[in-house]
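Thanks for asking for a hand with this structure. Below is a short reading guide, written for someone opening the file for the first time.

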Amino acid sequence: MTVKTPTSTIVALGLSQTLAWASSYYLLAILANPIARDLRVGVPTVFAAFSVALIVSALLGPAAGRAIDMHGGRPVLVMTSFIFAAALAVLALANGPVMLFGSWIILGVAMALGLYEAAFATLVFLHGKDSRGAITGITLFAGFASTVGWPLTAWLELRWGWRTACMTWAVLHLLVALPLNWSLPRTRVTHFPAHTLAPVKEEDHKWTDDTRKAVLLAVIFAVTWFISTAMAAHLPRLLQANGVPLTSALLFAGLVGPAQVAGRLLEYGLLRNVHPLLSARLASIMHTLGAGIFLIVGGPAGALFTILHGAGNGILTIAKGTLPLALFGPKSYGARQGLLMVPARFAQATAPYLFGLAIDGFGGAALWISAAIGLVGFLALMLLQTEQAQ
């Protein structure tokens, strides 16, 4: 019997995820310049601190997943609210590079324990294989993290300065995210059959098959995060390098967010009854297809490219949670998810710098590079087709 995830759980996780993403991943898009100016460091130094946070998150991800597998998401996410608050308070009080990097190291710990991977693992701990719809639900909420976070951060910074903006986010973690995480169920709602929780025996499942699937998934997630982060950092510049005027480039780039939400709604509606591998294959080719059309047709196809990129990225965010569940089941989901995301976090940390070098060297033709990388992810998914769980 399928157990439906309570709406209250989806809402609580969705809102707390929105706050977590807005106050970490999307923070420096608004605050990097004022922080650099006030601390008398270069803007690249500020983003280097963010890259360090992503590396810390990658290294701690598997341990965070194991903790959720053992104890559930509630205690881990409650603790994460305090860590986010502490990190943002340290950032607000920073007086130089040491405290700047220290605050982002702490934020890296919070990101390992409190972003999508932890939320997905929490849902799988509670509901096992019946978590796909709930995973989609929380990504629909958190898809608006930049929509909410950027204007709020900008308003706080303009009105009271970047330190007050950081401290406000810290307080919101204590007053909003903490009660939401505290409200999560303590124990499993779904009863897992004994064989899904028992240790895997060699004769029941070939280790080499699992390893092959895990490697392919790690490649897919690394490709996805590299492209997503590279586009987030450079999309307006990339559009301009391909002949799109500045005003149109900003307008086209603004279509990514709504397209991501549209892609997630598509996954929640039309694609919810197909295997997540099929929806992931469809999504993975969208960036490459859009890039190819844009590079051949030119400026007028810029909007189509950004819409296809955004929709594909939105669906792949969900696939990051649903594909491991479909291929491996709920056993040890959190720890496996943490391991699978290690290469992705490193790819994410290096993407802005490496793709920036590509644009410097090749101009608009750098888009061919991301298109080729996207094709690698699609081919990996094609290989996974013969490996999917029965």
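The numbered points below go through cavities, aromatic rings and a few single residues.

1. **A word on the model.** Please keep in mind as you read that this is a predicted model.

2. **Cavities.** A good place to begin is inside. The structure holds three cavities of 30 Å³ or more. The largest cavity has a volume of about 140 Å³, and the second largest cavity has a volume of about 120 Å³.

3. **The largest cavity.** If you would like to find this cavity on screen, select Thr224, Ile227, Ser284, His287 and Leu316, which lie nearest its centre among the 16 residues that line the cavity. Four helices each supply at least two residues of this lining: helix 11 (207-241), helix 14 (276-297), helix 15 (302-328) and helix 18 (366-384). Helix 11 gives the most, with five residues. Sorted by class, the lining of the largest cavity has nine polar and seven nonpolar residues, and no charged residues.

4. **The second largest cavity.** The second largest cavity, with a volume of about 120 Å³, is lined by 17 residues, and Ser57, Gly61, Ala112, Glu117 and Gly338 are the closest to its centre. Two or more lining residues come from each of helix 3 (43-71), helix 5 (97-114), helix 6 (116-127), helix 16 (333-340) and helix 17 (342-362). Helix 3 has the largest share of this lining, six residues. By class, nine of the residues lining the second largest cavity are nonpolar, six are polar and two are charged.

5. **Aromatic pairs.** Next come the rings, where there is plenty to look at: the structure holds eleven aromatic pairs. One of them joins Tyr25 and Trp225; the ring centres are 6.4 Å apart and the planes stand at 70°, so this pair is edge-to-face. It links distant parts of the chain, with Tyr25 in the loop between helix 1 (7-22) and helix 2 (28-39) and Trp225 in helix 11, 200 residues apart. Both Tyr25 and Trp225 are buried.

6. **Another ring pair.** Phe50 and Trp104 have ring centres 5.6 Å apart and planes at 85°, so they too form an edge-to-face pair. This pair also links distant parts of the chain: Phe50 belongs to helix 3 and Trp104 to helix 5, 54 residues apart. Phe50 and Trp104 are both buried.

7. **A cluster of rings.** It is worth showing these side chains together. Ring pairs link Trp21, Tyr25, Tyr26, Phe50, Trp104, Tyr116, Phe120 and Trp225 into a cluster.

8. **Charges over rings.** Trp225 comes up again here, since the charged end of Arg345 sits over its ring, 5.4 Å from the centre. Arg74 lies over the face of Trp182, at 4.3 Å from the ring centre.

9. **Leu113.** Is this residue of helix 5 buried or exposed? Its relative accessibility is 13%, and buried means under 20%, so Leu113 counts as buried. Apart from neighbours within four places in sequence, Leu113 is in contact with Ala64, Val76, Leu77, Met79, Thr80, Ile83 and Ala118. The C-alpha atoms of Leu113 and Val261 are separated by 24 Å, and these residues are 148 places apart along the chain.

10. **Leu15.** Leu15 lies in helix 1 and is partly exposed, with a relative accessible area of 39%. Leaving aside neighbours within four places in sequence, Leu15 is in contact with Phe141 and Leu180. Its C-alpha atom is separated by 9.6 Å from that of Asn181, 166 residues apart along the chain.

11. **Helix 7.** Helix 7 (residues 132-142) is mostly covered, with nine of its eleven residues buried. Among the buried ones are Arg132, Ile135, Ile138 and Leu140.

12. **Two backbone angles.** Finally, have a look at two loop residues. Arg40, in the loop between helix 2 and helix 3, has a phi near 60°, a positive value in a residue other than glycine. At 77% relative accessibility, Arg40 counts as exposed. Ser332, in the loop between helix 15 and helix 16, has a phi near 55°, which is again positive in a residue other than glycine. Ser332 is partly exposed, at a relative accessible area of 36%.

Conventions
Residues numbered from 1 in each chain as written. Predicted model: local features only at pLDDT ≥ 70, side-chain atom pairs only at ≥ 80, totals over all residues. Heavy atoms only, no water. 1 Å grid on protein atoms, 1.4 Å probe; cavity = no way out; pocket = protein on both sides within 12 Å on 5 of 7 lines; lining within 4 Å. Points joined across faces, edges and corners; volume = space filled by probe spheres on them. Nonpolar A, V, L, I, M, F, W, Y, C, P; charged D, E, K, R; others polar. Phe/Tyr/Trp six-rings, centres within 6.5 Å; stacked < 30°, edge-to-face > 60°. Buried < 20%, exposed > 50% of the residue type's maximum accessible area, 1.4 Å probe, protein only. Lys NZ or Arg CZ within 6 Å of the ring centre and 35° of its normal. Contact = heavy atoms within 4.5 Å.
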